[in-house]
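Student: I am new to this structure and would like a close look at a single part of it, the paired strands. Please also say how that part fits with the rest of the chain.

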Amino acid sequence: MQRLKVAANSGENPGFEFLQECWNDDPALQIVIKKLLAKFPQWGIAIVDEVLVDWER
C-alpha cells in the first residue's frame with residue numbers, strides 16, 4: 001500500500017508487474033489502482049474487462 005501511495009503522490013509508475021500483483025492479491029487494492037490509472041493515463045496501463053492491460057507491450 002505504501003508503494004501505491006508514493007506513486008499517487010509522485011506520479012512515478014510503480015511498474016505493471018507490481019500493479020498486477022496487487023490487483024490479484026487484494027480486491028480492496030483494485031479500487032486504489034483504478035484511481036491511480038485514471039489519474040495517470042500516461043502510464044499506458046488500462047483495465048479491460050476487470051483485467052489490467054499494459055498498452056506498451
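Tutor: Two strands pair if DSSP finds at least two bridges between them. Helices and strands are themselves DSSP runs, numbered from the N terminus: a helix is H or I over at least four residues, and a strand is E over at least two. The model is predicted, and local features need a pLDDT of at least 70, side-chain atom pairs count only at pLDDT 80 or more, and totals for chains, interfaces and linings use all residues. Residues are numbered from 1 along each chain as its sequence is written, and side-chain values use heavy atoms, with hydrogens and water left out.

The pair itself comes first. Strand 1 covers residues 45-48, and 4 bridges join it to strand 2 in an antiparallel arrangement. Strand 2 covers residues 51-54. Across the pair, Leu52 of strand 2 has Ile47 standing opposite.

The hairpin has 2 residues between its strands. Asp49 lies in this loop between strand 1 and strand 2, and Glu50 is found there too. Asp49 has a phi near 50°, which is a positive value in a residue other than glycine. Glu50 likewise has a positive phi without being glycine, here near 60°. For burial, the cut-offs are these: buried is under 20% relative accessible area, exposed is over 50%, and partly exposed is in between, with a 1.4 Å probe and protein chains only. Asp49 has 72% relative accessibility and so counts as exposed. Glu50, with a relative accessible area of 47%, is partly exposed.

Next, the side chains of strand 2. In a regular strand the side chains alternate between the two faces of the sheet. Strand 2 shows this alternation: Leu52 and Asp54 point to one face and are buried, while Val51 and Val53 point to the other face and are not buried.

Asp54 is worth a separate look. This residue lies in strand 2 and counts as buried because its relative accessibility is 16%. Contact means heavy atoms within 4.5 Å. Setting aside residues up to four places away in sequence, Asp54 touches Phe16, Gly44 and Ile45.

Phe16 leads to the helices. Helix 2 spans residues 16-25, and its buried residues are Phe16, Phe18, Leu19, Gln20, Cys22 and Trp23. These buried residues pack against both strands of the pair, and also against helix 1 (2-10) and helix 3 (27-39).

Helix 3 can be followed through two of its residues. Pro27 is in helix 3 and is exposed, because its relative accessible area is 58%. Between the C-alpha atoms of Pro27 and Lys5 there are 16 Å in space, and the two are 22 residues apart in sequence. Leu36 is also found in helix 3, but its relative accessibility is 4%, so Leu36 counts as buried. Apart from neighbours within four places in sequence, Leu36 is in contact with Leu4, Ala7, Ala8 and Trp43. Val51 of the strand pair is 15 residues from Leu36 along the chain, and their C-alpha atoms are separated by 15 Å.

Now the chain around the pair. There are 3 helices and 2 strands, and from the N terminus on they run α-α-α-β-β. The C-alpha atoms fill a box of roughly 25 × 25 × 15 Å, taken along the principal axes. The radius of gyration is taken over C-alpha atoms, and the globule rule is 2.2 Å times the number of residues to the power 0.38. For 57 residues a compact globule would have a radius near 10 Å, and the chain has 10 Å, so the two agree.

Buried residues make up 35% of the 57 residues. Among contacts between residues at least 6 apart in sequence, 47% join residues at least 24 apart. On the outside, the chain exposes about 3800 Å² (Shrake-Rupley method, 1.4 Å probe, where for residues only the protein chains shown count as cover). Carbon and sulfur atoms supply 53% of that area.
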